[in-house]
Amino acid sequence: MKHIASGVVALLFLLSASGPAHAQEVVEASTGFKTWINSWKSEQPGPESMKSSTIALVGWAAEVEFSSSVFADASYLMSASDYRFDQGAGTADVKHQNYILAIGYRFKHRVDVFTGFKNSQFWERLAKSKTTVSGPLLGVQGTAPLNDAYSLFVKLTYFPLSTKKTAAEAGEKETARGRSAEAGVRYAFTKRTFGALGYRYETIEGTKTRVEDTFAGPTIDVMFYF
């Protein structure tokens, strides 16, 4: 909870530091549901690699856009079931939660630039260990309308992260590099409701251990304007 609270404080600080944006009226606000159906592949230096079962991360998202074209958004996802890795005669079950807070600027040519904060946490039940991956992010998103109902979108994000693993025996820390890419199509059901179907690929690589974790799979969003 302290990580979520610190992220909210950081977002409020960014909003207050963004000039007159916080004094501008809200143009649009939306909230809704997000789902990311993905599997997790962990590759270590050499031939060793592990791949998990496919699970669904489910949660919510919200966005507020101001009259100055500044926007702020937040999302929170948690695993509906555990990732399961087969390890010889045994298995490893891992729970995952992820939240992102961001603030950005929306250009007239349907291009967004944004910065913010990302936090992911993984709990391995059998080993009773927890890994936290957190840090700033920087990204860009482009939208291309096809007609009044359909539009295409592409979103690219880079995040320099710090990784902290804690277990009953000891704790480990290192830095990591992360990248994600998401592309898909949006459809406006009504003037107040739209859905999005896409595919998201995310990779995180530790700079010391050289372990590369990859998460990939389809995304589904349903958002409501109010």
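How many bridges pair S1 with strand S2 (residues 49-51), and in which sense do the two run? Let's work that out along with a few other exercises on this predicted model.

**Exercise 1. Work out the pairing partners of strand S1.**

Step 1. Start with the opening question: S1 and S2 pair over three bridges, in the antiparallel sense. For a residue to look at, take lysine 41, which stands opposite lysine 51 in S2.

Step 2. Move on to strand S3 (residues 55-66). S1, which covers residues 26-43, is joined to S3 by 12 bridges, and these two strands run antiparallel. Here asparagine 38 faces you as the handy marker: its opposite number in S3 is isoleucine 55.

Step 3. Now try strand S12 (residues 212-225). This one pairs with S1 over 12 bridges, again antiparallel. Look at serine 39 and you'll find alanine 216 of S12 standing opposite.

**Exercise 2. Find two non-glycine residues with positive phi, and say where they sit and how exposed they are.**

Step 1. First, the background. Most residues other than glycine have a negative phi.

Step 2. Pick out serine 69. Its phi is near 75°, so a positive value, and serine 69 is partly exposed, with a relative accessible area of 22%. On the chain, serine 69 belongs to the loop between S3 and strand S4 (70-79). As for the label, buried would need a value under 20%, and serine 69 comes in at 22%.

Step 3. Do the same for arginine 210. Phi is near 65° here, positive as well. The loop between strand S11 (193-206) and S12 holds arginine 210. With a relative accessible area of 39%, arginine 210 is partly exposed; the exposed label would need over 50%.

**Exercise 3. Describe the second largest pocket: its volume, its centre and its lining.**

Step 1. Get the volume. For the second largest pocket, that's about 790 Å³.

Step 2. Go to the centre. The lining has 31 residues, and the closest to the pocket centre are Trp40, Thr131, Lys165, Val211 and Asp213.

Step 3. Sort the lining by character. You get 12 nonpolar residues, nine polar ones and 10 charged ones.

Step 4. Ask which element gives the most to this lining. That's strand S10 (residues 171-188), with five residues.

Note on methods: Residues are numbered from 1 along each chain as its sequence is written. This is a predicted model: local features need pLDDT of at least 70, side-chain atom pairs count only at pLDDT 80 or more; totals for chains, interfaces and linings use all residues. Side-chain values use heavy atoms; hydrogens and water are left out. On a 1 Å grid over the protein atoms alone, a cavity is a set of points where a 1.4 Å probe fits but cannot get out, and a pocket is an open set with protein on both sides within 12 Å along at least five of seven lines; lining residues have an atom within 4 Å of a point. Grid points are joined across faces, edges and corners, and a volume is the space filled by probe spheres set on the points. Helices (H or I, at least four residues) and strands (E, at least two) are DSSP runs, numbered from the N terminus. Ala, Val, Leu, Ile, Met, Phe, Trp, Tyr, Cys and Pro count as nonpolar, Asp, Glu, Lys and Arg as charged, and the others, Gly among them, as polar. Two strands pair if DSSP finds at least two bridges between them. Buried means under 20% relative accessible area, exposed over 50%, partly exposed in between (1.4 Å probe, protein chains only).
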